[in-house]
Amino acid sequence: MSGDFFSEEHNMFRRTLRKMLEKEAYPYFEEWERKREVPRAFWSKLGEQGYLCPMVSETYSGLGLDFGYSMILAEELERVGAGLASGIVLHSDIVIPYIEQYGTEEQKKRWLPKSITGEFISAIAMTEPGAGSDLAGIQTTAYLEGDFYILNGEKTFITNGINADFVVVVCKTNPNVNPSHRGISLIVVEKDTPGFKRGKKLNKIGMHSSDTGELIFEDAKVPAENLLGEEGKGFYYLMDKLQQERLLVAIEVQVEAEEMFRITKEYVKSRKAFNRSIADFQNTQFKLAEMATEIDIGRNYIIH
Ligand SMILES: Cc1cc2nc3c(=O)[nH]c(=O)nc-3n(C[C@H](O)[C@H](O)[C@H](O)COP(=O)(O)OP(=O)(O)OC[C@H]3O[C@@H](n4cnc5c(N)ncnc54)[C@H](O)[C@@H]3O)c2cc1C
């Protein structure tokens, strides 16, 4: 449950957060899953109490906390139900770090404070119908025309895609350069941009309340000042920031495994077959011991 890096302040933060979630999230999670969305009012409650974007510096109205707090948020949100952390953590600790590290002063002042209060929800659009793992193979393009970039392409599987107020879009500003990753840039597309449309909200096998959608850019006209960092450096920025994304996803799925194990243990103790609880059969015990070992390995890898 904890690494040595958690201080008493971290533990207090976890207790207060858990109390808040017991009141504001646990009673409603099943309803959110049925309705297939986390209400914006919940984002606002998180924002009001300082639970969004905990690492953003005080200069931009943040709390300037360390990664331990982000880890606690990912763990406690995910413990409410599978997928609750996904959109919130993606906003706080995956998208916002691009703005804070690579944004200009003007961009940071425009997007960070409202992302901390929950007024803005953000997304990052890398994946396309024809390009996932092979990120350098994306087809979305952006070319400069006067003071605007003109964006064309499609994105899919985008977390917060349907509700996002702004999206960091990975696109090719130079589709002819070799190797192709040198032509990739990050451009922030805001919700009312002409030519920017939302596609389908996607059905998944689980994590129903987490918003996963398609985005369409048809000659979308984006102010040139929305370029994040330098043109052609986008792939390098992604390679830097995807490390934190992978770690946070690992933390979320670790919590899911731990919760499933807890539920399974309760079940095998209460379920009776052949006049015994199924936990009494040695095969069940072997299986549980194997699962407990693998889950423990996962936890230790994350801590280290
Ligand atoms: C719930 C959810 C949320 C998501 N949120 C976002 C988001 O917010 N933003 C975003 O941009 N994307 C998002 N994604 C997309 C995700 O990043 C992609 O699904 C992922 O990058 C894999 O791409 P793909 O699905 O196209 O699979 P592919 O890349 O087509 O892979 C298909 C299979 O081939 C295997 N494979 C691929 N390359 C190799 C190789 N070199 N060697 C061996 N095997 C290989 C893969 O492991 C996989 O099993 C999300 C996906 C999901 C499911």
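# A first look around the model

Buried residues account for 38% of the 304 residues in the protein. Keep in mind that this is a predicted model, so everything below describes a computed picture.

## The overall build

Let's start with the big pieces. The secondary structure adds up to 8 helices and 10 strands. The radius of gyration is 21 Å, close to the 19 Å that the globule rule gives for 304 residues, so the protein is as compact as a globular protein of that length. If you turn the C-alpha trace along its principal axes, it spans about 75 × 40 × 35 Å. Take the contacts between residues at least 6 apart in sequence: 71% of them join residues at least 24 apart.

How is the protein divided into domains? There is domain 1 (8-119), then domain 2 (123-237), and then domain 3 (242-303).

## Where domain 1 meets domain 3

The C-alpha centres of domain 1 and domain 3 lie 27 Å apart. Even so, the two do touch: 12 residues of domain 1 are in contact with 8 residues of domain 3. On the domain 1 side, the elements that give two or more residues to this meeting place are helix 4 (67-80) and helix 5 (84-102). Helix 5 supplies the largest share of that side, with 6 residues. As for chemistry, the domain 1 side splits into 7 nonpolar, 1 polar and 4 charged residues.

At the far end of the numbering you'll find helix 8 (residues 282-303), which has 22 residues. From its first C-alpha to its last, helix 8 reaches 32 Å, close to the 32 Å expected at 1.5 Å a residue. Is helix 8 buried or in the open? Of its 22 residues, the number buried is 0, so helix 8 lies largely in the open.

## Around the ligand

Which residues sit around the ligand? They are Leu90, Ala123, Ile124, Ala125, Met126, Thr127, Gly132, Ser133, Phe157, Ile158, Thr159 and Thr212. Strand 1 (122-125) and strand 3 (148-159) are the elements that give two or more residues to this shell. Sorted by type, the shell holds 7 nonpolar and 5 polar residues, with no charged ones.

## Some backbone oddities

Now for a few spots where the backbone does something less common. Most residues other than glycine have a negative phi, and most peptide bonds are trans. Against that background, the peptide bond from asparagine 178 to proline 179 is cis, with omega near -5°. Proline 179 belongs to the loop between strand 4 (166-172) and strand 5 (184-190).

Methionine 207 is not a glycine, yet its phi is positive, near 50°. You can find methionine 207 in the loop between strand 6 (196-201) and strand 7 (212-223). Phenylalanine 274 also isn't a glycine, and its phi is positive at about 50°. The loop that holds phenylalanine 274 runs between strand 9 (272-273) and strand 10 (276-277).

Are these two residues buried or exposed? Methionine 207 counts as buried because it has 20 C-beta neighbours inside 10 Å, and 20 or more is what a buried residue needs. Phenylalanine 274 has 7 such neighbours inside 10 Å, so it counts as exposed, the cut-off there being 12 or fewer.

## Two residues to zoom in on

Histidine 10 is in helix 1 (residues 8-24). Leaving out residues up to four places away in sequence, histidine 10 touches Gly68, Tyr69 and Ile72. Try following the chain from histidine 10 to glutamate 75: they are 65 residues apart along it, while their C-alpha atoms are separated by 13 Å.

Glutamate 190 lies in strand 5. Setting aside neighbours within four places in sequence, glutamate 190 is in contact with Asp165 and Phe166. Glutamate 190 and valine 168 are 22 residues apart in sequence, and their C-alpha atoms are 8.9 Å apart in space.

Here is how the four residues with neighbour counts line up.

| Residue | C-beta atoms within 10 Å | Burial |
|---|---|---|
| Methionine 207 | 20 neighbours | buried |
| Histidine 10 | 18 neighbours | partly exposed |
| Glutamate 190 | 16 neighbours | partly exposed |
| Phenylalanine 274 | 7 neighbours | exposed |

Terms used. Residues numbered from 1 in each chain as written. Predicted model: local features only at pLDDT ≥ 70, side-chain atom pairs only at ≥ 80, totals over all residues. Near = placed C-beta within 6 Å. Helix = DSSP H or I, 4+ residues; strand = E, 2+ residues; numbered from the N terminus. Nonpolar A, V, L, I, M, F, W, Y, C, P; charged D, E, K, R; others polar. Domains from an automatic or database assignment. Contact = placed C-beta atoms within 7 Å. Expected span 1.5 Å × (residues − 1). Rg over C-alpha atoms; globule rule 2.2 N^0.38 Å.
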